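Reader: I am new to this structure and would like to learn how to read it, feature by feature. Please take me through it slowly.

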Amino acid sequence: MDNVSVVRIFFLSGLNKTNDYRVTLFTLTLLYYCMILFLNISIIMIIVLDENLHEPMYILLCSFCMNGLYGTTGFYPKFLFDLLSSSQQISYEWCLLQAFVMNSFLCCELSILAVMAYDRYLAICRPLHYQSVMTKRKVSMLICFSWFTPFCILQKLNLSSGLSLRCVT
């Protein structure tokens, strides 16, 4: 196999046509990122500090906001750096890490939404049994399920596929 080389760095070419608007795009993106951070942290702090909000629905909402922080932190810093950089490149390892973060963020988002739907189903369709079914222990288990299952699934997919990137020239 003489014509095989290992790719170590990717050059991103999608931002080349935005040279005239880089500062504007950077400013708007940074503002949007700061707003996401501020709002999610505010909601998390309000739920944590207010004892009246220690109910399953609000705890799940807090988990949802923490996942939002995880996903945006996995994407925006590199994107902001690329907007100001003259050469947009990323190493193979960082690309895999960012892909893992984004995929796990999306899987966690969907599983948290499924748990929230289950919580609302119990609250609406079985209101008399809601308190006995949605205990603090059950909510903790559902949150752990919604966070750890996507990571286990993605890890299993990564290990089974091998994830070796080679370019044949």
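## Reading the pocket, the core and the contacts

Author: Let us begin with the kinds of residue in a pocket lining: in the largest pocket, the residues of the lining divide into four nonpolar, five polar and one charged. Please keep in mind throughout that this is a predicted model.

Reader: Which residues line the largest pocket, and what is the volume of that pocket?

Author: The lining is made up of T73, G74, K78, Q89, I90, S91, W94, L97, Q98 and V101, and the volume of the largest pocket comes to about 200 Å³.

Reader: Which elements each supply at least two residues of that lining, and which one gives the most?

Author: At least two residues of the lining come from each of α2 (56-84), β3 (89-91) and α3 (92-125). The most is given by α3, with four residues.

Reader: How should I place those elements in the chain as a whole, and how many helices and strands does the chain have?

Author: The secondary structure comes to five helices and four strands, and when it is read along the sequence the pattern is β-β-α-α-β-α-α-α-β. It also helps to look at how the chain is packed: of its 169 residues, 31% count as buried, and among contacts between residues at least 6 apart in sequence, 79% join residues at least 24 apart.

Reader: Why might one look for nonpolar residues in the interior?

Author: The general idea is that, in soluble globular proteins, nonpolar side chains tend to be buried together. In this structure the largest nonpolar core has 13 residues, and those with the most contacts inside it are L60, L122, M134, I143 and W147. At least two residues of this core come from each of α3, α4 (130-133) and α5 (136-161), while α3 gives the most to the core, with five residues.

Reader: Could you take one of those core residues as an example, and say which residues M134 is in contact with, leaving aside its neighbours within four places in sequence?

Author: Once those sequence neighbours are set aside, M134 is in contact with P56, Y118, D119, L122, V139 and L142. Among these partners is L122, which also belongs with M134 to the residues that have the most contacts inside the largest nonpolar core.

Reader: I would also like to read the aromatic rings; how many aromatic pairs does a search of the whole structure find?

Author: The search finds five aromatic pairs. To read a pair, one looks at the distance between the ring centres and at the angle between the planes, with over 60 degrees counting as edge-to-face. The rings of Y32 and Y76 have their centres 6.0 Å apart and their planes at 65°, so this pair is edge-to-face. The pair links distant parts of the chain, with Y32 in helix α1 and Y76 in helix α2, 44 residues apart.

Reader: Is each of these two residues buried or exposed, or somewhere between?

Author: Y32 counts as partly exposed, because its relative accessibility is 43%, whereas Y76 counts as buried at 13%. Y76 also forms an aromatic pair with Y33, and this pair is stacked, with 5.3 Å centre to centre and 25° between the planes. The pair of Y33 in helix α1 and Y76 in helix α2 again links distant parts of the chain, 43 residues apart. Y33 counts as buried, because its relative accessibility is 11%. Y32, Y33, F75, Y76 and F79 form one aromatic cluster.

Reader: How does separation in sequence relate to separation in space, and how far apart are L30 and Y76 in each?

Author: L30 and Y76 are 46 residues apart in sequence and 8.2 Å apart in space, C-alpha to C-alpha. L30 has its place in helix α1 (residues 22-49), and with a relative accessible area of 32% it is partly exposed, because buried means under 20% and exposed over 50%.

Reader: Where is N40 found, and which residues is N40 in contact with beyond its neighbours within four places in sequence?

Author: N40 is found in helix α1, and beyond those neighbours N40 is in contact with C65, G68 and L69. N40 is buried, because its relative accessible area is 14%. N40 and N67 are 27 residues apart in sequence, and 9.4 Å apart in space, C-alpha to C-alpha.

Reader: Is V48 buried or partly exposed?

Author: V48, which has its place in helix α1, counts as partly exposed at 45% relative accessibility. V48 and Y58 are 10 residues apart in sequence and 9.4 Å apart in space, C-alpha to C-alpha.

Conventions. Residues numbered from 1 in each chain as written. Predicted model: local features only at pLDDT ≥ 70, side-chain atom pairs only at ≥ 80, totals over all residues. Heavy atoms only, no water. 1 Å grid on protein atoms, 1.4 Å probe; cavity = no way out; pocket = protein on both sides within 12 Å on 5 of 7 lines; lining within 4 Å. Points joined across faces, edges and corners; volume = space filled by probe spheres on them. Nonpolar A, V, L, I, M, F, W, Y, C, P; charged D, E, K, R; others polar. Core = buried A, V, L, I, M, F, W, Y, C linked by side-chain atoms within 4.5 Å. Buried < 20%, exposed > 50% of the residue type's maximum accessible area, 1.4 Å probe, protein only. Contact = heavy atoms within 4.5 Å. Phe/Tyr/Trp six-rings, centres within 6.5 Å; stacked < 30°, edge-to-face > 60°.
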